[in-house]
Amino acid sequence: RRQRPRRPPRATSPAAPALRPSRPRRGPAAPRQHQRGRPRSAPGPARQQRGGRRRGLGRSSLRCSAGEMGLEPLFQAWSYFRRRKFRECADVCSQLLERPPGEQVAGAGPYFTFYFILIQAAWNLKTRALTEMVYVDEIDMDQEGIAEMILDENAIAQVARPGTSLKLPGTSQGGGPSPAVRPVTQSGRPITGFVRPSTQSGRPSTMEQAIRTPRTALTARPITSASGGYVRLGTASMLTNPDGPFINLSRLNLTKYAQKPKLAKALFEYIFHHENDIKNALDLAALATEHAQFKDWWWKVQIGKCYYRLGLYREAEKQFKSALKQQDMVDTILYLAKVYLRLDQPVTALNLFKQGLDRFPGEVTLICGIARIYEEMNNISSAAEYYKDVLKQDNTHVEAIACIGSNHFYSDQPEIALRFYRRLLQMGVYNCQLFNNLGLCCFYAQQYDMTLSSFERALFLAENEEETADVWYNLGHVAVGIGDLNLAYQCFKLTLVNNNDYAEAYTNLAVLEMRKGHTEQARALLQTASSLAPHMYEPHFNVAILSEKVGDLQRSYTAAQKSEEAFPGHVDTQQLIKQLKEHFAML
């Protein structure tokens, strides 16, 4: 069959047709001896067709030799690790480590020593993969349990000066909405616009209040101890290895590994995060620091983290300060600020953050840390200013946008708050809390067409009963605002169905029962609300009003005193106490 010409035929005379000159064919070449003396692989089909011409090393031979030496599985595991598929990465590394030495280097010849390098690389990679599976950033992990708050022996002063302590409520200079407008936590601080571990824990004054009051977002059971939570986190990570732990720490020679810095760092993170064995991690870090002649700042930071976990805050402070002298790092500043906050020294932490901003101008985490401290100290105006500085550096910072939006909402500016929450929606934040806030902002901004649709979307996106309870509670407020008290009653009832510890719903139900004339039911609901949330002033004030109407002046005076203690600036409570004192004087 005639081939199709590759080029267009040239114009020639008919008598002399144009012929394309062909290259002379070469016969089959004789096999040449390899000069370097290494065994050659058998020529593939392409080489046999071309007469055995050698044009470098073929792909098939490269793949074969790499597979024999175990390079391809290791590269595959590294690819899984880079794509954050840590489970697959650990499985491939386990297959490499389980192979006998003969299979690892079959046919490799002089590459026998490569086996040890391969095993070391696979071990290191699997250690890092298992660590990343359970890794939690220590900077943001800050939960205090009952043991840490009630049995705290690191108190600097029993009676702190105003504005210098986070443990005492109301020790700020003001500058924010009152509890009559903005709800507060049991520690006396206003509810923030962004959920953080520090905002979920309170400062209970008694052990009974600490046990009875839930302080977690997803469970009604209070945190017993932060150290116990870390232990449970470590034991849960054992499920990643069905055959048991990957490394037997009891038989590990820490001194030998401390002399190998690259292996020691991966091993430390595995022991610290995966196994949660702080004692062995501290021993390894101390040996590695001694091997580095106390010149490696990274090991000093790790020693400080171990001391912080063990509750030795002063020793952790020394290690972090020493690390900052050797290497100025933002993370070290954040760790040291955590130590000062745990020691209840917010002013020292503020000064540390401001000194860090002098060395790292425009650092978002430092500015955000200052804003968080001001917010916890109930200085809302200063916190809002620093959150605005955060947005100047990073205009997509979710926490700053949410907190500024919350501040505008409670400052009676729902239209401006709606702009911030819409910005979050444009950024891709799509959850129940955001649509809940959008519904409230639309209602108070008189954009009624979007209110119910936002709440419907919030109910659809709710992931647990607590979020569903929040949505129904806000729908009850909307029903009260439009005058439909029957709908409000049903919404508050649905709130208690989803969350039986919702003190605000008990209070509002009591108010609705009082409007119906059901005094005893209202009294029972108010007593339940006051026992669930003793930091709220509304249940105590309503009990005082109800008792004063039925003539129980003594109970009314006691409840009014509790209301004044929860909110000293409440004018109606002060007037009620004045009237009761006049009644008592007349008796």
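Glutamate 467 is buried (under 20% relative accessible area, with exposed meaning over 50%, partly exposed in between, for a 1.4 Å probe and protein chains only), yet glutamate 467 has no salt bridge. A salt bridge here requires a side-chain nitrogen of Lys or Arg within 4 Å of a carboxyl oxygen of Asp or Glu. The nearest side chain of opposite charge, arginine 457, is 13 Å away; Lys and Arg count as positive and Asp and Glu as negative, while His and the chain ends are not counted. Glutamate 467 belongs to helix α24, residues 465-482. Apart from residues up to four places away in sequence, glutamate 467 touches Cys432, Gln433, Leu461 and Ala462, a contact being heavy atoms within 4.5 Å.

The model is predicted: local features need pLDDT of at least 70, side-chain atom pairs count only at pLDDT 80 or more, and totals for chains, interfaces and linings use all residues. Residues are numbered from 1 along each chain as its sequence is written, and side-chain values use heavy atoms, with hydrogens and water left out.

The protein chain contains 30 helices and 0 strands, these being DSSP runs numbered from the N terminus (helices H or I, at least four residues; strands E, at least two). Of its 587 residues, 42% are buried. Among contacts between residues at least 6 apart in sequence, 57% join residues at least 24 apart.

A nonpolar core is a set of buried Ala, Val, Leu, Ile, Met, Phe, Trp, Tyr and Cys residues joined through side-chain atoms within 4.5 Å. The largest such core has 62 residues, and those with the most contacts inside it are Phe320, Val339, Phe353, Leu366, Tyr387 and Tyr421. A second, separate core of 31 residues includes Ala505, Ala529, Met536 and Ala559. Outside its neighbours within four places in sequence, leucine 366 is in contact with residues including Val330, Ile333, Phe353 and Phe360.

Two asparagines have a positive phi, as tabulated below.

| Residue | Phi | Loop | Relative accessibility |
|---|---|---|---|
| Asparagine 276 | near 55° | between α12 (261-275) and α13 (278-291) | 15% |
| Asparagine 378 | about 70° | between α18 (364-376) and α19 (380-393) | 19% |

Most residues other than glycine have a negative phi. Asparagine 276 counts as buried because its relative accessibility is 15%, and asparagine 378 counts as buried because its relative accessibility is 19%.

An unreviewed UniProt entry lists residues 503-536 as "repeat: TPR"; such annotations may be inferred rather than shown by experiment. The span is 82% helix and 0% strand, and its end C-alpha atoms lie 9 Å apart.
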